[in-house]
Amino acid sequence: MMTTASTAVPTAARGLAGVVVADTAVSDVRGAEGFYQYRDRSAIELAETVSFEDAWQLLVTGEPATDASRPPFRRRLQHAAEGRRSDIDAVVDAVARVTPEVLPGLAAAWPLLGARLALRPLYDLDDEQRLDDAITLAAATPALVGALWRCARGERPLPLLTDRGVVACYLHQVTGIVPDDDTERALTAYLIAVMDHGFNASTFTARVIASTGADAASCLAGALGALTGPLHGGAPSRALDGLDAVGTADRVEPWIREELAAGRRLMGFGHAVYRTADPRAELLKRVALRRGGARVQLALRFEETAERLLAEAKPGRDLHANVEFWAALVMEQCGLPRSMFTPTFAIARTIGWTAHILEQARDPKIIRPSARYVGPSVRTVAA
Ligand code: ACO
């Protein structure tokens, strides 16, 4: 924090980089160490070992799933999604008439679902009612995304797989194939790994809206807007576009040199907080290598070359592949189309957003910073 001489008002760093703006017990990112945690657990360990639903329960309730607490939480998720089926269908039908695009469709669908379910401002609710709204919206999200995808292609949503969890049902909805266990586990690892990540741009957006006391659906719609940007959650499909543009291994180095010389950013590289390898990228790289395929070899070459050339171009900055680079490979291996990468990311991040919205709603202080005015001085109206 600096102070300006003229006003003695504290001034935050550009982009609020490194500025602590709140306390949170949801997640922590330690950029220098390449480590992050959800509540009191290593997020990577969770991604490698637990189910999507158990990680969800931990993040949103703050308590790990146990033999006693797991069944009622699962019933709650099931009721929230299936009990709202006709509302979800009505919203999807309305949205699909306006756009075949899933991402803006989801951004519109949440407030419409919120209005249909008469969700009230967080300000007017107690903790238990807020948790209900958070679970209702997050549980409806895979169904909304899957149905928007099918409707955009002129198809009806497929019936749910009654004996499988959220991840398998979602994969089935989008690909039309009942996933095998390895594919389900690969996507589960990705989804858990990106459920939350400190005060990133979309989470901060959700918390700013929550601090006004608005309803939970409005918080999610705002957060999703921030996520769609290419510098945040919009990067993974562009990372694959990069691999497509390169084509063959011998073109990797000249292509990256041209991009950097033209002042363009390499999508899927660099991070605002990590000053060492992104642990999510390392996890997903392990998953992608295990599953294999021709594109993985090209991706390895691309990663090694990009890191070397970025070190030349930005010495001392230590730029590595980020989560989006290897996530793109894993999502492609799981059969998800490129246009569904960011919507799939949103399904996972909705859980982190709701955990943060609940935490923020307990603090009655509105988030309202200031800006330094650098425009012209006041002139009289007649001048
Ligand atoms: N390609 C080329 N140059 C880069 C890249 C990149 N991928 N990332 C950072 N740089 C450059 C910056 O332009 C900056 O150069 P400058 O000092 O000449 O201005 C320098 O490296 C240092 O940048 P940082 O301060 O480390 O980056 P910042 O915190 O501003 O941005 C960001 C982080 C947005 C992720 C950036 O690295 C980027 O644009 N990456 C590409 C997009 C991307 O992959 N986004 C997904 C991020 S992960 C997520 O949000 C889930």
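**View A. Helix α2 and its buried residues.** The buried residues of α2 are Phe52, Glu53, Asp54, Ala55, Trp56, Gln57, Leu58, Leu59 and Val60. The model shown here and in the other views is predicted. Helix α2 covers residues 52-61, and 9 of its 10 residues are buried, so the helix is largely enclosed by the rest of the structure. Just after α2 comes glycine 62, which has a positive phi of about 85 degrees.

**View B. The two domains of the protein chain.** Domain 1 is made of the segments 43-179, 196-231 and 339-361, while domain 2 is the segment 236-333. Their centres, taken over C-alpha atoms, are 29 Å apart. Domain 1 puts 11 residues into the contact, and domain 2 puts in 16 residues.

**View C. The largest nonpolar core.** This core has 113 residues. Those with the most contacts inside it are Trp56, Leu144, Leu187, Met195, Phe302 and Trp326. Helix α6 (residues 127-152) supplies the largest share of the core, 14 residues. Domain 1 and domain 2 both give residues to the core, so it lies between them. Trp56 also appears in View A, as one of the buried residues of α2.

**View D. Leucine 187 and the residues around it.** Leu187 is among the residues with the most contacts inside the largest nonpolar core. Which residues does leucine 187 contact, leaving aside its neighbours within four places in sequence? They are Val167, Tyr170, Leu171, Met331, Cys334, Leu336 and Thr344.

**View E. Helix α11 against helix α15.** Helix α11 covers residues 235-246, and helix α15 covers residues 323-333. Their axes come within 8 Å and cross at roughly 80 degrees. Angles of 65 to 115 degrees count as roughly perpendicular, and α11 is therefore roughly perpendicular to α15. On the α11 side, the contact is made by Ala235, Pro236, Ala239, Leu240 and Leu243. On the α15 side, Glu324, Phe325, Ala328, Leu329, Met331 and Glu332 take part. Sorted by class, the contact has 9 nonpolar, no polar and 2 charged residues.

**View F. Helix α15 against helix α16.** The axes of α15 and helix α16 (residues 341-361) come within 11 Å and cross at roughly 105 degrees. These two helices are therefore also roughly perpendicular to each other. Glu324, Ala328, Met331 and Glu332 of α15 meet Phe341, Thr344 and Phe345 of α16. By class, this contact has 4 nonpolar, 1 polar and 2 charged residues. Met331 and Thr344 both appear in View D as well, as contacts of leucine 187.

**View G. Aspartate 87 in helix α4.** Aspartate 87 belongs to helix α4, which covers residues 85-96. Is aspartate 87 buried or exposed? Its relative accessible area is 15%, and aspartate 87 is therefore buried, the cut-off being under 20%. Leaving aside its neighbours within four places in sequence, aspartate 87 is in contact with Leu113, Arg116 and Leu117.

**View H. Arginine 30 in strand β3.** Arginine 30 lies in strand β3 (residues 27-30). With a relative accessibility of 31%, arginine 30 counts as partly exposed. Not counting residues up to four places away in sequence, arginine 30 touches Phe35, Gln37 and Tyr274. Arginine 30 and valine 273 are 243 residues apart in sequence, but their C-alpha atoms are 7.9 Å apart in space.

Notes. Residues numbered from 1 in each chain as written. Predicted model: local features only at pLDDT ≥ 70, side-chain atom pairs only at ≥ 80, totals over all residues. Heavy atoms only, no water. Axes fitted to C-alpha atoms, helices over the stretch in contact; angles between N-to-C directions. Helix = DSSP H or I, 4+ residues; strand = E, 2+ residues; numbered from the N terminus. Parallel < 35°, antiparallel > 145°, perpendicular 65-115°, else oblique. Contact = heavy atoms within 4.5 Å. Nonpolar A, V, L, I, M, F, W, Y, C, P; charged D, E, K, R; others polar. Core = buried A, V, L, I, M, F, W, Y, C linked by side-chain atoms within 4.5 Å. Buried < 20%, exposed > 50% of the residue type's maximum accessible area, 1.4 Å probe, protein only. Domains from an automatic or database assignment.
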